[in-house]
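Visitor: Could you take me on a close look at the ligand and what surrounds it? I would also like to hear about the cysteines while we are here.

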Amino acid sequence: MAKQFPEGFLWGGATAANQFEGGWNEGGKGWSVSDAARSHLDVDVQDYAKQNEVLEKDVLEAMAHPEDLVHYPKRHGSDFYHHWKEDIGLLAEMGFKVFRMSIAWSRIFPKGDEETPNEEGLQFYDNVFTELKKHNIEPLVTISHYEPPLHLVLEYNCWYNRKTIDFFMNFTRTIVDRYKDRVKYWLTFNEVDSMIRHPYTTGGLLRDRFDDDKWEEVIFQSMHHQFVASALATKYIHESDPEAKVGCMLTKLTYYPFTCKPEDVLEAQQRMRSTYCYSDTQVFGEYPAYLLARFRNHGLNLVMTEEDLEVMKKYPVDFISFSYYSSSCVAKNTEGLQTTAGNTVTAIKNPYLTASEWGWQTDPIGLRVSLVDLYDRYRKPLFIVENGIGLDENLDENHEIKDPFRVEYTRDHLIQVNEAIKDGVDVMGYLYWGPIDVVSAGTGEMRKRYGFVYVDRFNDGHGTLERVKKNSYDRYKEIIESNGEILLK
Ligand code: BG6
């Protein structure tokens, strides 16, 4: 393999405050939707609808039990709030160029609708950014990663309400003004498309608040508000710092037809469009014809103003970022076919792939296919901001974790990134998901560990929070050090 990763390739890793930070009720932080998201270890991993439906009573129940960190694990995360110095040191030693993190909205605006921010919250991120700078690590900040303040949910129905655009912009202006000298890369919403799969964590939507409404319409109306907010944020960031770059963030779900039957090929094409419609909107600055057709065909009447459409058109994103973990198959007739789970989806099992304990199928070539498809479609720089493997791991008798499968997973995916670069795709960088163990977004488990660094914390809440480097830690360090060349050996 010839040397291909370009000079300045952005190597690193990604986290989100709601899964990593903890300190959920410290430093003046208010409740976020994730603090009230109960883990459902009793529900089948393939049953995403059941896992993700949240009712008002569920939130009230969560609020009645602030002491419960076991059923609400995102409250403790990996306790980055108290380990930030040590954790950034560990990332720096691996040679990270970029660290992706989110800013917990309710740490800055505890209820979301205040006029003035919580200074203590702002200072926490001051410390984090200063420490990153000390190690020459560039932050990539996700403005909103499943963290709307819970008060906005209960008081305003969160993203369904237009007012939330103003609350979000107040938050965005505050953090951009404060950190623009230290943050050059921004993502507006993590996986804006995920609203359709988990409306509560992404949009702050409680199912029973909309019993008399068309649920699909509620979701798309809320998503429309996020598209407008994203464009306004892009405008504000560019006006504040012309050097800054803003990206959209897409869940790159990759589907193959189960057979070459034209019906299956068509099914795969339709399914891929249902993935692309959101990035199409944010990259081209307007709703694609096929999404407008869906609104019409399903009788969805969205409230959109002329100004909304204008701002979306005028301020598209600079680059496309995405998460990629696995691929799966689809078929017109699914009778008798085995299904498997993926990232908040369930699809047909691919007989040529192996899967993790959670059913996610490992497919490095699918990453190359995804990069090529996205680049052909958008012709804008691509940034892989999540990729990785969650495994159940425990320290052995020597206080070590041997994780050859993670080493293999990372190597195989990076080789395919290199192949895509050789194919002419413009890839800005690669961020491994959860370089230090985090709580899983989907199942709320600590047991599903992604890290190159182990965090001693378990599903039942016990653990010392000690950080221990796994065997993969040195390997990723070597990959970064050699700018990917070691992958050849
Ligand atoms: C991505 C999310 O979709 O998948 C992350 O942006 C999440 O928040 C990641 O953690 C992996 O999913 P899970 O369910 O294994 O944590």
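**Around the ligand**

Guide: Let us start with one contact: an oxygen atom of the ligand has a backbone N or O atom of Ala441 at 2.6 Å. Bear in mind that this is a predicted model. Taken alone, the ligand exposes 380 Å², and 98% of that is buried by the protein. Side chains take part in polar contacts too. In Tyr450, a side-chain N or O atom is 2.5 Å from an oxygen atom of the ligand, and for Asn190 the distance from a side-chain N or O atom to a ligand oxygen is 2.9 Å.

Now step back to the setting. The largest pocket is where the ligand sits. Around the ligand there are 15 residues, of which Glu191, Ala441, Gly442, Lys448 and Tyr450 come nearest. By character, this shell is made up of six nonpolar, six polar and three charged residues.

As for the cysteines, the count of disulfides is zero. Take Cys277, which is in no disulfide: the nearest cysteine sulfur belongs to Cys248 and is 12 Å away. Cys277 is also buried, with a relative accessible area of 2%. Cys329 can be followed in the same way. Its closest cysteine sulfur is that of Cys260, at 12 Å, which is too far for a bond because a disulfide needs the two sulfur atoms within 2.5 Å. Cys329 counts as buried as well, at 3% relative accessibility, since buried means under 20%.

Definitions and conventions
Residues are numbered from 1 along each chain as its sequence is written. This is a predicted model: local features need pLDDT of at least 70, side-chain atom pairs count only at pLDDT 80 or more; totals for chains, interfaces and linings use all residues. Side-chain values use heavy atoms; hydrogens and water are left out. Buried means under 20% relative accessible area, exposed over 50%, partly exposed in between (1.4 Å probe, protein chains only). A residue is near a molecule or strand if one of its heavy atoms lies within 4 Å of it. A polar contact is a pair of N or O atoms within 3.5 Å; within protein, one must be able to donate a hydrogen and the other to accept it, and residues adjacent in sequence count only if both atoms are side-chain atoms. Accessible areas come from the Shrake-Rupley method with a 1.4 Å probe; for residues, only the protein chains shown count as cover. On a 1 Å grid over the protein atoms alone, a cavity is a set of points where a 1.4 Å probe fits but cannot get out, and a pocket is an open set with protein on both sides within 12 Å along at least five of seven lines; lining residues have an atom within 4 Å of a point. A molecule sits in a cavity or pocket if more than half of its atoms lie within 2 Å of its grid points. Ala, Val, Leu, Ile, Met, Phe, Trp, Tyr, Cys and Pro count as nonpolar, Asp, Glu, Lys and Arg as charged, and the others, Gly among them, as polar.
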